[in-house]
Amino acid sequence: MRYVSLISLLLALCVMPAAAVIETYEFSDSALEKRYHQLSQELRCPKCQNQNIADSNAPIAQDLRRLLFEQLEAGASDEEILAYMVARYGEFVRYRPGFDRATAVLWFAPAILLLLAALTVFMVLRKRGGAAASLSAEEAQRLQTILDSGDKPS
Amino acid sequence: MAPRLKLFLPLVLFVLLALFLARGLKLDPKELPSALIDQPFPEFDLPELSGVGSITRADVVGAPALFNVWATWCISCRVEHPYLQTLADKGVPIYGINYKDDDAAAMQWLENLGDPYVANIVDRAGSLGLDLGVYGAPETYFVDAQGTVRYRHVGVIDERVWRTRLAAIYTELGGAAVTLPAAGGQP
């Protein structure tokens, strides 16, 4: 019971960072709000790299969030909004970039690496299996003798 | 022989990886390619800082020029200001884009530090900045006579970057070659 106050204090501390979330927008539709959160996670802040605009408090991220809100309320589709952002800030602003020649390596690299790994594992395993099977007839005979003799109590 | 060579495979892989990472160290991730390169300078209709009315895209295109995004809250802008003045004195036309700033503070700044700008576009809300893809000041756009953006420089313009990179780009725009005083000399 004496821990209750301590625990509630700790819980209150946990809430604080969440309360620091920047500004809030009143959406006319909860579907818009959902898309707002999704898009703001997916758009990268041009100033503070490695943060999305939802996480960043840089002025440019604030501007982009406001713009995103306005465009969503104006009825723009996700594609239109992304195209608008890319036209100004380049493919860089998307954490999920579109597929083109520059990003082909990004998209294909995981599959290629996986394929290479699988190929390596396959080769190594085949080699080991092959080594075991490649006893000459003479060696096999000797092995069998040893195994047989081991079974019998001498 | 072949199995021997195979022993070197890890070394080769290591060297390749090291070269790759060394290259990565040299790249500046802050230097983003502008999406606006070889695109027309965006349309705008904004007030002029001196208060003489509005300024539009048609007023500023027609000759090669630099568009410098600046603000009084931007410390690096103060650093590059004297060099912009030097360039302006040498005849490089520079337009200012006063980005998200206070008009009175901006006027005061120009009065105290000198005014290298042909004219200043007041972009209080950052709308032109948004169309340009500005993500921080200072940024400088190199625009040719047709009003096409040819280059974007992010960060301070000083004598070193002007000499090594920007002067050539400016000349390529069709701007008259700028003769600058010898390095170290006073203008």
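1. Let's start with β6 of chain B, residues 139-143. This strand is mostly covered, with 5 of its 5 residues buried. Keep in mind that this is a predicted model. From β6(B), Glu139(B), Tyr141(B) and Val143(B) point one way, while Thr140(B) and Phe142(B) point the other way. Both sets are buried, so don't go looking for an open face here: the cut-off is 20 or more other C-beta atoms within 10 Å.

2. Which strands pair with β6(B)? One of them is β3 of chain B, residues 65-70, which runs antiparallel to β6(B) and is joined to it by 5 bridges. If you want a residue pair to click on, Leu66(B) has Phe142(B) as its bridge partner in β6(B). β7 of chain B, residues 149-154, also pairs with β6(B), again in the antiparallel sense and over 5 bridges. There, Val143(B) stands opposite Val149(B) of β7(B).

3. Have a look at the turn as well. β6(B) and β7(B) form a hairpin that has 5 residues between the strands. Within this hairpin, Gly147(B) takes a positive phi near 80°.

4. Now a helix with quite another setting: is α2(B) covered or in the open? None of its 18 residues is buried (the number is 0), so α2(B) lies largely in the open. This helix spans residues 9-26 of chain B. From its first C-alpha to its last, α2(B) reaches 26 Å, close to the 26 Å expected at 1.5 Å a residue.

5. Stepping back to the whole of chain B, there are 7 helices and 7 strands. Along the sequence they come in the order α-α-β-β-α-β-α-β-α-β-α-β-β-α. The radius of gyration of chain B is 21 Å, whereas a compact globule of 187 residues would come out near 16 Å. The C-alpha atoms fill a box of roughly 80 × 40 × 30 Å along the principal axes. Of the 187 residues, 31% count as buried. On contact order: taking the contacts in chain B between residues at least 6 apart in sequence, 74% join residues at least 24 apart.

6. Next, the contact between the chains. Chain A puts in 12 residues and chain B 11. On the chain A side, α3 (59-73) and α4 (78-89) each supply at least two of the residues that touch chain B. The largest share there, 4 residues, comes from α4(A). Sorted by class, this side of chain A has 7 nonpolar, 2 polar and 3 charged residues.

7. Since α4(A) gives that largest share, here is some detail on it. The helix has 12 residues and reaches 16 Å from its first C-alpha to its last, close to the 16 Å expected at 1.5 Å a residue. Which residues of α4(A) are buried? They are Met85(A), Arg88(A) and Tyr89(A). These cover an arc of only 80° around the axis, which puts them on the same side of α4(A). The face turned away from that buried side carries the exposed residues Glu79(A) and Glu80(A).

8. What covers the buried residues of α4(A)? The cover includes α6 (127-132) of chain B. As for what comes after the helix, α4(A) is followed by Gly90(A), which has a positive phi near 85°.

Note on methods
Residues numbered from 1 in each chain as written. Chains lettered and ligands numbered in written order. Predicted model: local features only at pLDDT ≥ 70, side-chain atom pairs only at ≥ 80, totals over all residues. Rg over C-alpha atoms; globule rule 2.2 N^0.38 Å. Buried ≥ 20, exposed ≤ 12 C-beta atoms within 10 Å, placed from the backbone. Contact = placed C-beta atoms within 7 Å. Nonpolar A, V, L, I, M, F, W, Y, C, P; charged D, E, K, R; others polar. Expected span 1.5 Å × (residues − 1). Arc of directions from axis to C-beta. Pairing = 2+ DSSP bridges.
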